[in-house]
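Work through the exercises below with the model open. Try each task before reading its solution.

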Amino acid sequence: MLLQPKLNLKVSQRQVLTPGLVQMVSVLALNKLELREMINTEMVENPVLEELEESAATLEERAGIEGDRERSAEEVAAEGERVEKDPFDEIDFGSYFQDYLDPGFRTTSNFEEYDKPSFENFLSQPSTLSDHLAWQLGSLTLSPAVQAATELVVGNLNEDGYLTATDEELVAALLQAREPERPEPIPFERGTKAKATPLWDKPEMCENGAGAVQPEPLELAAAADEDMAPLLAAVREARALVNFLDPVGVGARDLRECLLIQICAQQGEAAIVLRRRQIIAADAAARNGAGGNENHVGNEPASVADGSPQADIFGIATHIVTNCLPLLQKKDMRELTRSCGRTPEEVAVAVEFIRTLDPRPGQRYNNSETRLIEPDVAFVKRDDVYVVVMNEEDMPTLRLNQGYRKMLQQKQTEKEVKEYVKERYKSAIQLLRNIEQRKNTIVRTCEVIVRRQTEFLEQGVNALKPMMIKEVAEEIGVHPSTVSRAVANKYVHTSQGVFELRFFFSEGVNGPEGGDLPLVLLKRKVKKLIEEEDERKPLTDDQLAAELQRQGIQVTRRTVAKYREDMQIPSTHQRRVR
């Protein structure tokens, strides 16, 4: 069989989204802030679109302007004389003499004040974890190798402050970052003639003129080890340095290492504080006589002073973190006490001390920015009836520029200009239609929500009813994906507060009195039962399911366990306090 190119015709049907339909779908999914940004972008790109200013003259105002023009010239002149100011009074003679008749000296504040921006224009940029660590490292004097290693360590920290790269990977990155040595240029490139060297004067050359003898693989491995040894030492020194920067514990590879670093740091600080207090007490005793030191030491905190029953709190905490983290997670105080070989009081103090440590030290500098929420719609009660009101405040009012329409009617306008203006007009009209259709779709969807959730608006969350997107789509006669886009990332202002529109859509389970109970309320009931349980005898998933069934809610143990995990509530063994 010969392979040769051929031309074949194939007839098929497929759905292709037109640019207008694509824009309609994208506009529907935008919230108010995103839509406003999109309109501003379109006004910059499309000259046909323009914003209707609030100060633009209406029809009535234009009629008034025409009436003013018909007034007599005498009245206009007389009114102009009354309103017009003397231009001589508007001259700033102080600035004039200061700028042009300067005697030769001017204070600094007088001529620098003009270029100063407003203080309100300054915005403080939040500091990230990398910026904070780089600022601290900038005040230290480090060798080039350690400096490069610290930059790699800081650059490989995740949001929690943990180091995600191994020492071998950091060393490989350091080796790769090294600049290769530049080869010596050929003598002819420098403008000099190379001196001929006899072949027998080159010991590295063989009789047949072959190149230098290649080193053995063992020699290459030894050379690589010699290069990696100082780099590995630099990486470990950099890690140890970053570990004790603020916040303490960054650069650790797991939770155990992070907590141990913080315990070590606090133990060192406590030793320094104790040493300083002892010095102060000794000085006071030397001035005031004997006995001062004993009184001062007697007032030391139990966790620091020598001879107290809690003096080894750091040792107990270190033992717990090193060997007993699973027991600490289960809150098994009995096994912790047996493992530490200390009294229950000492172990309890050590556990409370561990709770003060930060398991995610990097989160304090990686806070997500506050998300600005502006409701797109509002459910307002008017005459005992809830109505849907679109929030169009601060939204630009668009209109078509009439100047370009006149340009299309002019005969002297070039053909290319007319085609461009026609294309821009079609794009502008399509955008206006899509914005209006977005508004109608959101209003119709919200009207169905208001009719179905009237009891929620009157009584609160406990009166919420289950509602599916498919049901709303069938009621307003659109596809479910259209309703999903209409409620995506949009918020509504109600008498019960501000909620996301998706909050009203929830599946239902068999509730009391034969009705359906939304999953939101089911999760709230599960969470409330867990909050009210006995910490020493927490409820199991079977007991939670049985309690909900006694309340008339038909739910299984697996369903309760699923919703408990969704709310990130620990299991029974993890909640039990022994």
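Accessible areas come from the Shrake-Rupley method with a 1.4 Å probe; for residues, only the protein chains shown count as cover. This is a predicted model: local features need pLDDT of at least 70, side-chain atom pairs count only at pLDDT 80 or more, and totals for chains, interfaces and linings use all residues. Residues are numbered from 1 along each chain as its sequence is written, and side-chain values use heavy atoms, with hydrogens and water left out.

**Exercise 1. The whole chain**

Task: How much area does the chain expose, and what share do carbon and sulfur atoms supply?

Solution. Start with the surface. The chain exposes about 40,400 Å². Carbon and sulfur atoms supply 51% of that area.

Next, count the elements. There are 25 helices and eight strands. Helices (H or I, at least four residues) and strands (E, at least two) are DSSP runs, numbered from the N terminus.

Then take burial. Buried means under 20% relative accessible area, exposed over 50%, partly exposed in between (1.4 Å probe, protein chains only). Of the 578 residues in the chain, 28% are buried.

Last, contacts. Contact means heavy atoms within 4.5 Å. Among contacts with a separation of 6 or more, 64% join residues 24 or more positions apart.

**Exercise 2. Helices α22 and α23**

Task: At what angle do the axes of α22 and α23 cross, and which residues meet?

Solution. Two packed helices are described by the angle between their axes and the distance between the axes. Axes are lines fitted to C-alpha atoms, for helices over the stretch in contact, and angles run from 0 to 180 degrees between N-to-C directions.

Step one: geometry. The axes of α22 (residues 519-531) and α23 (residues 541-550) cross at roughly 120° and come within 11 Å.

Step two: class. Angles under 35 degrees count as roughly parallel, over 145 as roughly antiparallel, 65 to 115 as roughly perpendicular and the rest as oblique. The pair α22 and α23 is therefore oblique.

Step three: residues. From α22 come Leu 522, Lys 525, Val 526, Leu 529 and Ile 530. They meet Leu 544, Glu 547 and Leu 548 of α23.

Step four: composition. Ala, Val, Leu, Ile, Met, Phe, Trp, Tyr, Cys and Pro count as nonpolar, Asp, Glu, Lys and Arg as charged, and the others, Gly among them, as polar. The contact of α22 with α23 has six nonpolar, no polar and two charged residues.

**Exercise 3. Adding helix α24**

Task: How is α24 oriented to α23, and how to α22?

Solution. Take α23 with α24 (residues 557-566). Their axes come within 8 Å and cross at roughly 110°. That makes α23 roughly perpendicular to α24. Asp 541, Asp 542, Leu 544, Ala 545 and Leu 548 of α23 form the contact with Arg 557, Val 560, Ala 561 and Arg 564 of α24. By class, the contact has five nonpolar, no polar and four charged residues.

Now take α22 with α24. The axes cross at roughly 85° and come within 10 Å. These helices are therefore roughly perpendicular. On the α22 side are Leu 519, Leu 522, Lys 523, Val 526 and Ile 530. On the α24 side are Val 560, Tyr 563, Arg 564 and Asp 566. The contact of α22 with α24 splits into six nonpolar, no polar and three charged residues.

**Exercise 4. Three residues in helices**

Task: Are Asp 167, Asn 243 and Cys 446 buried or exposed?

Solution. Asp 167 lies in α9 (residues 167-177). Its relative accessibility is 11%, so Asp 167 is buried. Beyond four places in sequence, Asp 167 touches Leu 232, Val 235, Arg 236, Arg 239 and Arg 253.

Asn 243 lies in α10 (residues 217-243). At 7% relative accessibility, Asn 243 is buried too. Its contacts, leaving aside neighbours within four places, include Val 248, Gly 251 and Ile 261.

Cys 446 sits in α18 (residues 415-452). With a relative accessible area of 1%, Cys 446 is buried. Not counting residues up to four places away, Cys 446 touches Val 377, Phe 379, Val 388 and Leu 501.

**Exercise 5. Backbone checks in loops**

Task: Which peptide bond is cis, and where is Pro 247?

Solution. The bond from Asp 246 to Pro 247 is cis, with omega near 0°. Pro 247 is in the loop between α10 and α11 (255-288).

Task: Are Lys 331 and Gln 568 exposed or partly exposed?

Solution. Lys 331 is in the loop between α14 (325-330) and α15 (333-340). Its phi is near 60°, a positive value in a residue other than glycine. Lys 331 is partly exposed, at 34% relative accessible area. Gln 568 is in the loop between α24 and α25 (572-575). Gln 568 has a positive phi of about 60° and is not a glycine. At 73% relative accessible area, Gln 568 is exposed.
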